[in-house]
Amino acid sequence: MESKGKVYLVGAGPGNPDLLTVRGLRILQSAEVILYDALLDPGFLELFPENAIAHYVGKRAGQHSATQEEIHELLISYAIQGKTVVRLKGGDPFLFGRGGEEVIALRKKNIPYEIVPGLSSLTGGSSGSGIPLTHRGISRQVLIMDGHTVLLEDTDWEWYAKFKGTIVLFMGTSSIQRIAVHLIENGAPFDLPVALVENASLSNQSVQISSLKKVASQGLAKITKGPGIIYIGAVVRLYPQVNLLNEEQIQSPDELIREIEGLVDWKNFQGILG
């Protein structure tokens, strides 16, 4: 009876192939089968063994090349054939990477596996932009949120608004305006700075700096087609090219809410802000 192979869930990092770990590279170069995500940089393909079977299974902004169930089936099928399988995932497998779901599927079939951590865009975007996640006297804690579901759940916005640290939003570029409105309505400082980092760690990385006030009234549109990660908090003021310490024409919270009510299309928020 042929022995089972092994599945490696390998974190590829935030995008730049240079940020793949040494262990991740060693395992990747020994792979017989590779299932890879939307990894942003084609340089990853150059690291694949010539004889490896490669499947693109990336997901981005609603465009899925394979369902999660289909990915599970491929991992299990190849492992049962005795193959060394690498599931190459953007960032870290266990930080909004659905690595837990894949591990559960493998466990159910008694497939051997190993998790190889990767550098998340959480820190890739922070380091690449020069915005620290923590800083003595400014932020000693970090809150990581999923921008998709936070608007659909029974979210304690008052608690979030009073959070004394850095808020990081994954998958939040389409919902940041509504999130900013919620935070301001629940007492967050309207001059709290916001950063949007796109294509973290790559040569075409971009950084936009704004404030809750501006994002709530104007939004914060992406300028590239790559993924974006959002940082909210006083640490954003440490970005080299920003000075948000002195907002022009500081308004009271009540004045600001009235201004936002005049600028935001509230019909789009029905069922969310009620």
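**Exercise 1. Decide whether Lys 89 is buried, partly exposed or exposed, then describe its surroundings.**

Let's work through this predicted model together.

Step 1. The relative accessible area of Lys 89 is 2%. Buried means under 20%, so Lys 89 is buried.

Step 2. Now place the residue: Lys 89 belongs to strand S6, which covers residues 84-89.

Step 3. Next, look beyond the neighbours within four places in sequence. Lys 89 touches a set of residues that includes Leu 9, Gly 11, Asp 37, Leu 39, Arg 98 and Glu 102.

**Exercise 2. Find which residues the salt bridges that share partners join with Lys 89 into one network.**

Step 1. Start with one pair: the side chains of Glu 102 and Arg 87 form a salt bridge, at 3.1 Å from N to O. Glu 102 sits in helix H3 (residues 99-108) and Arg 87 in strand S6, so this pair ties together parts 15 residues apart in sequence.

Step 2. Check the burial of both partners. Glu 102 is buried at 0% relative accessible area, and Arg 87 is buried at 1%.

Step 3. Follow the shared partners: Asp 37, Arg 87, Lys 89 and Glu 102 are joined into one network.

**Exercise 3. Work out which parts of the chain the salt bridge between Glu 114 and Arg 23 links.**

Step 1. The structure has eight salt bridges; in one of them, the side chains of Glu 114 and Arg 23 meet at 2.9 Å, N to O.

Step 2. Glu 114 is in strand S7 (residues 113-116) and Arg 23 in helix H1 (residues 22-28), distant parts of the chain with the two residues 91 apart.

Step 3. Finally, Arg 23 is partly exposed, at 43% relative accessible area.

Key: Residues numbered from 1 in each chain as written. Predicted model: local features only at pLDDT ≥ 70, side-chain atom pairs only at ≥ 80, totals over all residues. Heavy atoms only, no water. Helix = DSSP H or I, 4+ residues; strand = E, 2+ residues; numbered from the N terminus. Buried < 20%, exposed > 50% of the residue type's maximum accessible area, 1.4 Å probe, protein only. Contact = heavy atoms within 4.5 Å. Salt bridge = Lys/Arg side-chain N within 4 Å of Asp/Glu carboxyl O.
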